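Work through the exercises below with the sequence and the model open side by side, and try each task before reading its solution.

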Amino acid sequence: MDNLIVFLMLLLLIYFIDLKVNNLNFFKRDIRKFDIKKFIVYLLIFLSIVFIISFVLIKLGKIDFIKSKNISIYSIVYATIIVPFIEEYTFRYLPIKKIKINKYILMLITSSLFTFFHYQGMYESIVIFISGCLLFNMYIKTDNVLNNTLSHGIYNLIILLISLL
């Protein structure tokens, strides 16, 4: 429960900084220009690539899914809403909007940081790095962090559900 309180406070801080200090006002804009067809296309591309790579690495015996029998509502909310929002804002939205360097270099930097914060092993890092690159490109193509947040949340939900099998 303490983690939830900390993340909710962090979420409020991000919201305050974004709306009051930087005046970026991204979420309202992204809700208004959300395109469900684009979202579905990019979601399917993202999930297909990540799960194909994961499947190949699993078949090669390089990675294994963590099994879990104890998933709470808290962990579902945390993994599918709170974490994707914070990570997409931190690793995609802010760098793309605020750091003015070549977008491919920025993609490599932010995807490397994303991988570093999710490090679980060498082969798992490949999947995480590619996920970071795909999510970066999704934001570049759609200019809508809501697409990223929803895609990231759906991916995390699928992983949670797989871990129950």
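**Exercise 1: helix H7**

Task: in this predicted model, establish which residues of H7 are buried, and describe the length and the N-terminal end of H7.

Solution. Begin with burial, for which a residue must have under 20% relative accessible area: the buried residues of H7 are Val145, Leu146, Asn147, Asn148, Thr149, Ser151, His152, Gly153, Tyr155, Asn156, Leu160 and Ser163. Next take the length: H7 has 20 residues and spans 29 Å between its first and last C-alpha, which is close to the 28 Å expected at 1.5 Å a residue. Finally, turn to the N-terminal end, where Asn144 acts as the cap, with a side-chain oxygen 2.9 Å from the backbone nitrogen of Leu146.

**Exercise 2: the largest pocket**

Task: characterise the largest pocket by its volume, its central residues and the make-up of its lining.

Solution. The largest pocket holds about 980 Å³ of space, and of its 32 lining residues those closest to the centre are His118, Gln120, Tyr155, Asn156 and Ile159. Sorting the lining by type gives 20 nonpolar, nine polar and three charged residues. Assigning the lining to helices shows that H3, H4, H5, H6 and H7 each supply at least two residues, while H4 gives the most, with seven.

**Exercise 3: the largest nonpolar core**

Task: identify the members of the largest nonpolar core and the helix that supplies its largest share.

Solution. The core comprises twelve residues, namely Phe39, Leu43, Phe46, Leu47, Val50, Leu57, Ile63, Val127, Leu134, Leu135, Met138 and Tyr155. H3 and H6 each contribute at least two of them, and the largest share, six residues, comes from H3.

How values were computed: Residues numbered from 1 in each chain as written. Predicted model: local features only at pLDDT ≥ 70, side-chain atom pairs only at ≥ 80, totals over all residues. Heavy atoms only, no water. 1 Å grid on protein atoms, 1.4 Å probe; cavity = no way out; pocket = protein on both sides within 12 Å on 5 of 7 lines; lining within 4 Å. Points joined across faces, edges and corners; volume = space filled by probe spheres on them. Helix = DSSP H or I, 4+ residues; strand = E, 2+ residues; numbered from the N terminus. Nonpolar A, V, L, I, M, F, W, Y, C, P; charged D, E, K, R; others polar. Expected span 1.5 Å × (residues − 1). Buried < 20%, exposed > 50% of the residue type's maximum accessible area, 1.4 Å probe, protein only. Polar contact = N/O pair within 3.5 Å; in protein donor to acceptor, adjacent residues only side chain to side chain. Core = buried A, V, L, I, M, F, W, Y, C linked by side-chain atoms within 4.5 Å.
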